[in-house]
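The following exercises ask the reader to work from a structure to short, reasoned conclusions. Each task is followed by a solution in steps.

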Amino acid sequence: MIIFVLNCGSSSLKFQIIETDLDMIELDADRMLAKGLIERVGSQSLITFQVEGQPPYKSAEPIRDHRQALNYAVKWITNPETKIPGIIDVSDIHAIGHRCVHGAEKFKKAVLIDKQVIEMIEDCIPLAPLHNPANLKGIYAARDLFGPSVPMVAIFDTSFHSLMPELAYMYAIPYQLYRRFQIRKYGFHGTSHRFLAYRYRKLTGKSREDTKIITLHLGNGCSACAIKKGISVDTSMGLTPLDGLMMGTRCGDIDPTVIEFLAHNEGVSMDEVFSTLNKRSGLLGISGLTNDMRDLLLEEKEHQDRRATLAIDMFCNRIKKYVGAYISEMNGADAICFTAGIGENSPEIRRRSCIGLEYFGIQIDDELNEKAIRGKEMKISTPDSKIDVYVIPTNEELVLARDTVRVVLDAPRIW
Ligand code: ADP
C-alpha cells in the first residue's frame with residue numbers, strides 16, 4: 001500500500017510517502033518514497049521536497065494556509081516529472097495517516113477518521129490550542145483533495161501514554177478537578193518513544209516483558225519516558241507539552257506560583273505569561289542568545305559565554321534528574337536511549353547528561369559516543385556499563401504509516 005503521512009504543525013506542513021503493508025512491516029522492509037516540508041505557512045514559505053535518492057526540489061513562495069500548502073504538495077507529487085515510483089495521480093495513494101497531537105482520554109489508539117472522530121479531535125482543542133487546529137486543517141484539506149473514498153487515520157502523540165498507571169498520571173490536586181475536566185498528565189512524543197522501545201527490542205532480541213528502558217527525545221521539544229514491558233509508565237510532559245525537561249524555548253518543570261507572580265508583578269495577562277514560558281524560556285531564555293543547541297555549544301566553545309554554559313548545564317542536569325527518577329520508579333533500567341535532533345547529533349550533550357550517573361553504573365564509551373552520528377543506531381556505553389546507552393534515530397513517520405496500514409486493514413497492533 002502507498003501511504004501518505006501528513007504532519008501539520010501551527011505554521012508548517014510535513015509529509016512522507018511510504019510504501020508498506022503487513023508483510024513489509026513484518027520484514028522491516030517498508031520504503032520511504034518521497035518526503036516534503038513546507039515551513040512558514042501563512043507568509044513567504046520555504047519549500048523542500050525530495051524523491052528518495054534524488055536531489056531536493058527547493059522553492060520559496062507565499063503560501064496562504066495549510067490547504068494551499070497541501071494542494072502545492074499534491075501537485076508536485078502527481079507532476080509527471082517528479083516520478084515518484086508507483087505514483088501517477090492521487091488515486092495511487094491508498095490511505096492517509098494524520099499525526100494528531102492531543103487525543104486526551106478519548107483516543108487510546110489510532111482510529112479511522114469519520115465525522116464523530118473529527119468532532120472528538122475538536123473537543124480536545126482546549127488542551128492543545130496550537131496543535132490540534134493545525135492537525136484538523138490538514139484533515140479537512142486532505143479530505144477535499146484526496147476525496148472521501150481514501151481512508152484517513154488519526155494517530156495521536158498521547159496514545160502511547162494512555163496505559164500509564166493512575167499514580168503517575170494524576171496531579172496532586174483535588175480529585176474532582178480530574179473528574180470534571182480530566183486534568184492529568186497525558187504525555188507527548190508517543191510515536192517517537194514507542195518507536196525507540198520497538199527498535200531497542202529489535203536490536204537486543206529481548207521480549208517486551210523483559211525490558212525496562214528510559215527514552216530521551218531531545219529535539220526542539222524534549223521529553224523523557226519510562227517504558228516497562230513495552231508500556232509507558234511515566235513521562236515528563238504533562239497536560240500539555242510545556243512540562244518536564246528544559247527545551248529550546250519552553251521552561252519545563254516550574255513552580256506554578258511563578259505564573260501568578262509574573263502576571264501580578266509584570267502586570268501582564270495569563271496569555272502573555274504562557275507566551276513567555278512557551279516561547280521565550282528554556283535554552284533561549286537562559287542564554288539570551290538562541291534556542292538552537294548547535295549555536296549554544298559553539299558560543300560556549302568559541303566565546304566561553306557564561307550563560308550559554310549555564311543553559312547547557314541546566315538542560316543536561318534536568319535530563320539527569322529524570323533518568324534518576326525513572327530508574328527509581330522502575331526499580332532499575334536496562335538501557336537509556338537518546339533520540340531526535342539533539343539526542344542523535346550531539347555527543348557533547350549525551351556525555352554531559354551522563355556525567356554523575358556512574359553511581360547507577362552508567363558508563364559512556366567516549367570514542368563510540370563521538371562516532372554516533374545522525375541516522376545510525378549505536379550502543380555508546382562501555383561493555384561493563386550496568387545500564388546500556390544507545391543512540392536510536394527516531395522515525396515517527398514510519399510509525400504513522402504502519403499504524404495507518406493496521407487500522408485500514410483492521411490488523412492487530414504489534415508494537
Ligand atoms: P523538532 O523537535 O522540531 O522535530 P529536531 O528533532 O530536528 O526538531 O531537533 C532540532 C534541534 O536539534 C535543533 O534546535 C538543534 O538545537 C538540535 N541539533 C541539531 N543538530 C545538532 C547538533 N549537531 N548538535 C547539537 N544540537 C543539534
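**Exercise 1. Check the length of helix 12 in this predicted model, and describe its two ends.**

Step 1. Helix 12 covers residues 306–330, which makes 25 residues. The expected span is 1.5 Å times one less than the number of residues, and for helix 12 this gives 36 Å.

Step 2. The end C-alpha atoms of helix 12 are 36 Å apart, so the expected span and the span in the model agree.

Step 3. At the start of helix 12, a side-chain oxygen of Asp305 comes within 3.1 Å of the backbone nitrogen of Arg307.

Step 4. Just after helix 12 stands Asn331, whose phi is positive, at about 55°.

**Exercise 2. Apply the length check to helix 16, and decide whether helix 16 is mostly covered or mostly open.**

Step 1. Helix 16 consists of residues 396–408, 13 in number. From its first C-alpha to its last it reaches 18 Å, close to the 18 Å expected at 1.5 Å a residue.

Step 2. A residue counts as buried when its relative accessible area is under 20%. In helix 16, 10 of the 13 residues are buried, and the helix is thus mostly covered.

Step 3. Among the buried residues are Leu398, Val399, Leu400 and Val405, and also Glu397, Arg402, Asp403 and Arg406.

**Exercise 3. Which residues have a positive phi in the loop between helix 6 and helix 7, and is each buried or partly exposed?**

Step 1. Gln182 has a positive phi of about 50°, although Gln182 is not a glycine. This residue lies in the loop between helix 6 (175–181) and helix 7.

Step 2. With a relative accessible area of 31%, Gln182 is partly exposed.

Step 3. His189 belongs to the loop between helix 6 and helix 7 as well. Its phi is near 55°, again a positive value in a residue other than glycine.

Step 4. The relative accessibility of His189 is 10%, and His189 therefore counts as buried.

**Exercise 4. Locate His193 and name the polar contacts of its side chain.**

Step 1. His193 is part of helix 7, which comprises residues 190–204. Its relative accessible area is 1%, and so His193 is buried.

Step 2. The side chain of His193 makes a polar contact of 2.8 Å with the side chain of Thr215. A polar contact of 2.8 Å also joins the side chains of His193 and Ser223.

**Exercise 5. Examine three salt bridges, and state how exposed each partner is.**

Step 1. Side chains of opposite charge can pair when their charged atoms come close. A search of the whole structure finds 20 salt bridges.

Step 2. Asp65 and Arg64 form a salt bridge with an N to O distance of 3.8 Å. Asp65 is partly exposed at 29% relative accessible area, whereas Arg64 is exposed at 60%.

Step 3. In the salt bridge of Glu348 with Arg352, the closest N and O atoms are 2.9 Å apart. These two residues are four apart in helix 14 (residues 347–354), which means that about one helical turn separates them. Glu348 is partly exposed at 25% relative accessibility, while Arg352 is buried at 11%.

Step 4. Asp388 and Lys379 meet through their side chains at 3.7 Å, N to O, in a salt bridge. Asp388 is buried at 17% relative accessibility, and Lys379 is partly exposed at 36%.

Step 5. Salt bridges can also share partners: in this way Asp28, Asp30, Arg199, Lys202, Glu377 and Arg402 are joined into one network.

**Exercise 6. Describe the surroundings of the ligand, beginning with the residues and ending with the elements that supply them.**

Step 1. The residues around the ligand are Gly219, Asn220, Gly221, Asp292, Met293, Arg294, Ala340, Gly341, Ile342, Asn345 and Ser346. By class, three of them are nonpolar, six polar and two charged.

Step 2. Helix 13 gives the largest share of this shell, four residues.

Step 3. An oxygen atom of the ligand lies 2.9 Å from a polar backbone atom of Asn220. A backbone N or O atom of Gly341 is 2.9 Å from an oxygen atom of the ligand. For Asp292, an N or O atom of the side chain is 3.2 Å from a ligand oxygen atom.

Step 4. On its own, the ligand has 580 Å² of accessible area, and the protein covers 73% of it.

Step 5. The elements giving two or more residues to the shell are helix 11 (293–303) and helix 13 (340–345).

How values were computed:
Residues numbered from 1 in each chain as written. Predicted model: local features only at pLDDT ≥ 70, side-chain atom pairs only at ≥ 80, totals over all residues. Heavy atoms only, no water. Near = heavy atom within 4 Å. Polar contact = N/O pair within 3.5 Å; in protein donor to acceptor, adjacent residues only side chain to side chain. Areas by Shrake-Rupley, 256 points an atom, 1.4 Å probe, with all protein chains shown as cover. Nonpolar A, V, L, I, M, F, W, Y, C, P; charged D, E, K, R; others polar. Salt bridge = Lys/Arg side-chain N within 4 Å of Asp/Glu carboxyl O. Buried < 20%, exposed > 50% of the residue type's maximum accessible area, 1.4 Å probe, protein only.
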